Amino acid sequence: QVHLVESGGGLVQPGGSLRLSCAASGSSFSSLAMGWYRQAPGKPREFVAAITSGGITNYADALKGRFTISRDNAKNTVYLQMNGLKPEDTAVYYCRTMGPAYWGQGTQVTVSS
């Protein structure tokens, strides 16, 4: 069992940045591959980025260069740094474990002027 809690969402202007955090508890975090997904209103949930236990990263093609996933195993936390935000990045952002799927509750990101 893994419990995930996201934080760091909010309202940001176009072109701005946010860093999301996902704190994990309940299992051996350092051995888990982790990912971020997002769901915009009226759209299916989509993959954003993932990071293996060894730090290898993977991104949705459309987000490469703007988003960066990282992890701090000492803090049991995975991060998503988002730069150059656009209105179309508005969504609820979720973290999950990439093996057996445990999901967090999500954090809202709104990009608007």
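This passage describes the fold of a single protein chain and then several of its residues.

The model is predicted. The protein chain contains ten strands and zero helices, and the strands therefore follow one another along the sequence in the pattern β-β-β-β-β-β-β-β-β-β, while the radius of gyration is 13 Å, close to the 13 Å that the globule rule gives for 113 residues, so the chain is as compact as a globular protein of that length. Taken along the principal axes, the box filled by the C-alpha atoms is roughly 40 × 25 × 25 Å. Of the 113 residues, 42% are buried. The accessible surface comes to about 5,700 Å², and carbon and sulfur atoms account for 50% of this area. Contacts between residues at least 6 apart in sequence were also examined, and 53% of them join residues at least 24 apart.

The strands are arranged in sheets. In general, the strands of a sheet pair through backbone hydrogen bonds, in either a parallel or an antiparallel sense. One open sheet consists of four strands in the order β1-β3-β8-β7, and its pairing is antiparallel. Its edge strands are β1, residues 3–7, and β7, residues 67–72, each of which pairs on one side only. Neighbouring strands of this sheet are turned against each other by 15° on average, direction ignored.

Within this sheet, β1 is joined to β3, residues 18–25, by five bridges in the antiparallel sense. Two positions illustrate the pairing of these strands: L4 stands opposite A24 in β3, and V5 stands opposite A23 in β3. The side chains of β1 alternate between the two faces of the strand. L4 and E6 point to one face and are buried, whereas H3, V5 and S7 point to the other face and are not buried.

The loop between β7 and β8, the latter spanning residues 77–82, contains N76. In general, most residues other than glycine have a negative phi. N76 has a positive phi, near 50°, although N76 is not glycine. With a relative accessible area of 25%, N76 is classed as partly exposed, because this value lies between the 20% and 50% cut-offs.

A further open sheet is formed by six strands in the order β2-β10-β9-β4-β5-β6, with mixed pairing. The edges are occupied by β2, residues 10–12, and β6, residues 57–59; each has a single partner strand, so one side of each is left without a neighbour in the sheet. From one strand to the next, the twist averages 25°. At one end of the order, β5, residues 46–51, pairs with β6 in the antiparallel sense over three bridges, and I51 has T57 in β6 as its bridge partner.

Strand β9, residues 91–97, is mostly covered, since six of its seven residues are buried. Strand β9 runs antiparallel to β4, to which six bridges join it. Pairing between β9 and β10 is also antiparallel and extends over three bridges; here A91 stands opposite V109 in β10.

M34 belongs to strand β4, residues 34–39, and stands opposite T97 in β9. The relative accessible area of M34 is 0%, and the residue is therefore buried, as the cut-off for a buried residue is under 20%. Residues up to four places away in sequence being left aside, M34 touches L4, C22, F29, A49, A50, I51, I69, R71, V78, R96, T97 and M98. One of these residues, C22, lies twelve residues from M34 in sequence, and their C-alpha atoms are 9.6 Å apart in space.

T107 is located in strand β10, residues 107–111. T107 counts as buried at 10% relative accessibility. The side chain of T107 reaches the backbone nitrogen of G9 at 3.2 Å. Not counting residues up to four places away in sequence, T107 touches E6, S7, G8, G9, L20, A91, V92 and Y93. Of the residues named earlier, the contacts of T107 thus include E6 and S7, together with A91, where E6 is a buried residue of β1 and S7 is one that is not buried.

Definitions and conventions: Residues numbered from 1 in each chain as written. Predicted model: local features only at pLDDT ≥ 70, side-chain atom pairs only at ≥ 80, totals over all residues. Heavy atoms only, no water. Pairing = 2+ DSSP bridges. Axes fitted to C-alpha atoms, helices over the stretch in contact; angles between N-to-C directions. Buried < 20%, exposed > 50% of the residue type's maximum accessible area, 1.4 Å probe, protein only. Polar contact = N/O pair within 3.5 Å; in protein donor to acceptor, adjacent residues only side chain to side chain. Contact = heavy atoms within 4.5 Å. Rg over C-alpha atoms; globule rule 2.2 N^0.38 Å. Areas by Shrake-Rupley, 256 points an atom, 1.4 Å probe, with all protein chains shown as cover.
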